[in-house]
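New to this one? Here's a quick, friendly tour to read alongside the structure.

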Amino acid sequence: MGPLGARAAGSGGAGRGPLALTSRSAAATTRLGIRLGRLLRPGDLVALVGDLGAGKTQLTRGACEGAGVAAGAVSSPTFAIVQTYPGRLPVHHADLYRLGDLDELHATGFMDLLGGDGALLVEWADRIAGWLPPEHLILRLSEVAGHPSWRRVELLPAGARHQALARALTRPVPRSGPAAEAKAPPRARPRAGAGRRPPR
Ligand SMILES: Nc1ncnc2c1ncn2[C@@H]1O[C@H](COP(=O)(O)OP(=O)(O)OP(=O)(O)O)[C@@H](O)[C@H]1O
Ligand SMILES: [Mg+2]
């Protein structure tokens with residue numbers, strides 16, 4: 001099987017070209033994660049791909065927050081390959097950076113989590129490219145030359161559910177604040193006659 005991204009790009013683009021966005025700060029990546037976490041459903045599989053320091057854990061922390069996981073619960077699972085956090089739904093967080101071999105992966109119970117009652121977020125998912133189920137959403141994070149705090153986030157969905165998830169994530173966020181308030185529809189006009197001086 002080919003590289004993870006190439007496989008998904010062929011199967012998930014739905015003919016509209018790649019979905020991608022740019023995060024301009026760590027906080028923006030957290031916000032993207034929060035949006036993801038709010039959208040997550042049981043059985044979702046989000047494969048996080050990118051170099052060391054790309055922002056995979058940053059995005060995962062946001063996703064956990066959006067899924068209702070208690071603040072501060074998420075760490076990088078350094079010793080355990082998989083950790084589960086209770087939230088609106090169970091969020092399983094795997095980090096395969098130190099994965100020795102596939103036997104080790106089976107021993108962690110990782111395979112039993114696929115398609116289960118929780119959502120699964122997998123850092124370094126490219127380590128098991130050939131073992132991912134056909135339905136998944138790859139988020140590939142990469143640095144942007146000349147902008148140390150920017151990250152390009154490519155979304156490579158495979159399967160209808162994960163395509164919908166990717167589209168929801170790339171939909172523009174409605175603006176809030178004074179500018180949006182200024183554009184708010186006018187209040188209902190007063191009834192005819194209302195506010196007029198009473199006849200003498
Ligand atoms: N736009 C951005 N998005 C995400 N992280 C950013 C951004 N700009 C700067 N950063 C910083 O980059 C670092 C990302 O670290 P993080 O642990 O999330 O990376 P990672 O991809 O999980 O790396 P690893 O493979 O080592 O687990 C953080 O220190 C974060 O503050
Ligand atoms: Mg990490």
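**The lay of the land**

Going along the sequence, the chain runs α-β-α-β-α-β-β-α-α-β-β-β-α-α. That makes 7 helices and 7 strands. Keep in mind that this is a predicted model. Of the 200 residues in the chain, 34% are buried. Take the contacts between residues at least 6 apart in sequence: 69% of them join residues at least 24 apart.

**Strands side by side**

- Start with β2 (45-49), which pairs with β6 in the parallel sense, over 4 bridges.
- Within that pairing, V46 sits opposite L137 of β6.
- On to β6 (136-144) and β7 (147-158): these two run antiparallel and are joined by 9 bridges.
- Here H136 faces A158 in β7.
- β6 and β7 make a hairpin with 2 residues between them, and G146 in the turn has a positive phi of about 85°.

**The nonpolar core**

- As background, nonpolar side chains in soluble globular proteins tend to be buried together.
- In this model the largest nonpolar core has 35 residues, and the members touching the most others are V46, A47, L48, L121, V122, L137 and L139.
- Plenty of elements chip in: α2, β2, α3, β4 (91-95), β5 (119-123), β6, β7 and α6 each give at least two residues to this core.
- The largest share comes from β2, with 5 residues.
- Want to zoom in on one member? Setting aside its neighbours within four places in sequence, V122 is in contact with A47, L48, A94 and L96.

**Two helices worth a look**

- How many of the 11 residues of α3 are buried? The count is 11 of 11, so α3 is largely enclosed by the rest of the structure.
- The buried residues of α3 include charged ones, among them K56, R61 and E65.
- What lies over the buried residues of α3 includes α2, β2, β3 (82-85), β4, β5 and β6.
- Just past the end of α3, G68 has a positive phi of about 85°.
- Now for α6 (residues 160-170), where H162, Q163, L165 and A166 are buried. These residues cover an arc of only 160° around the axis, so they are on the same side of α6.
- Look at the other side of α6 and you'll find A160 and A168, which are exposed.

**Around ligand 1**

- There are 19 residues around ligand 1, and T29, G55, K56, T57 and Q58 come nearest.
- Which elements give two or more residues to this shell? They are α2 (26-39), α3 (56-66) and β7.
- Sorted by class, the shell has 10 polar, 6 nonpolar and 3 charged residues.
- K56, T57 and Q58 turn up twice in this tour: they are among the residues that come nearest to ligand 1, and they are among the buried residues of α3.

**A proline in a loop**

- P18 sits in the loop between α1 (4-12) and β1 (19-23).
- Why does P18 count as partly exposed? It has 13 other C-beta atoms within 10 Å, and a residue counts as exposed at 12 or fewer and as buried at 20 or more.
- P18 also has a partner far along the sequence: P157 is 139 residues away in the chain, yet the two are 9.5 Å apart in space, C-alpha to C-alpha.

Technical notes: Residues are numbered from 1 along each chain as its sequence is written. Chains are lettered from A and ligands numbered from 1 in the order in which they are written. This is a predicted model: local features need pLDDT of at least 70, side-chain atom pairs count only at pLDDT 80 or more; totals for chains, interfaces and linings use all residues. A residue is near a molecule or strand if its C-beta atom, placed from the backbone, lies within 6 Å of it. The arc is that of the directions from the helix axis to the C-beta atoms. A nonpolar core is a set of buried Ala, Val, Leu, Ile, Met, Phe, Trp, Tyr and Cys residues joined through C-beta atoms within 7 Å. Two residues are in contact if their C-beta atoms, placed from the backbone, lie within 7 Å. Two strands pair if DSSP finds at least two bridges between them.
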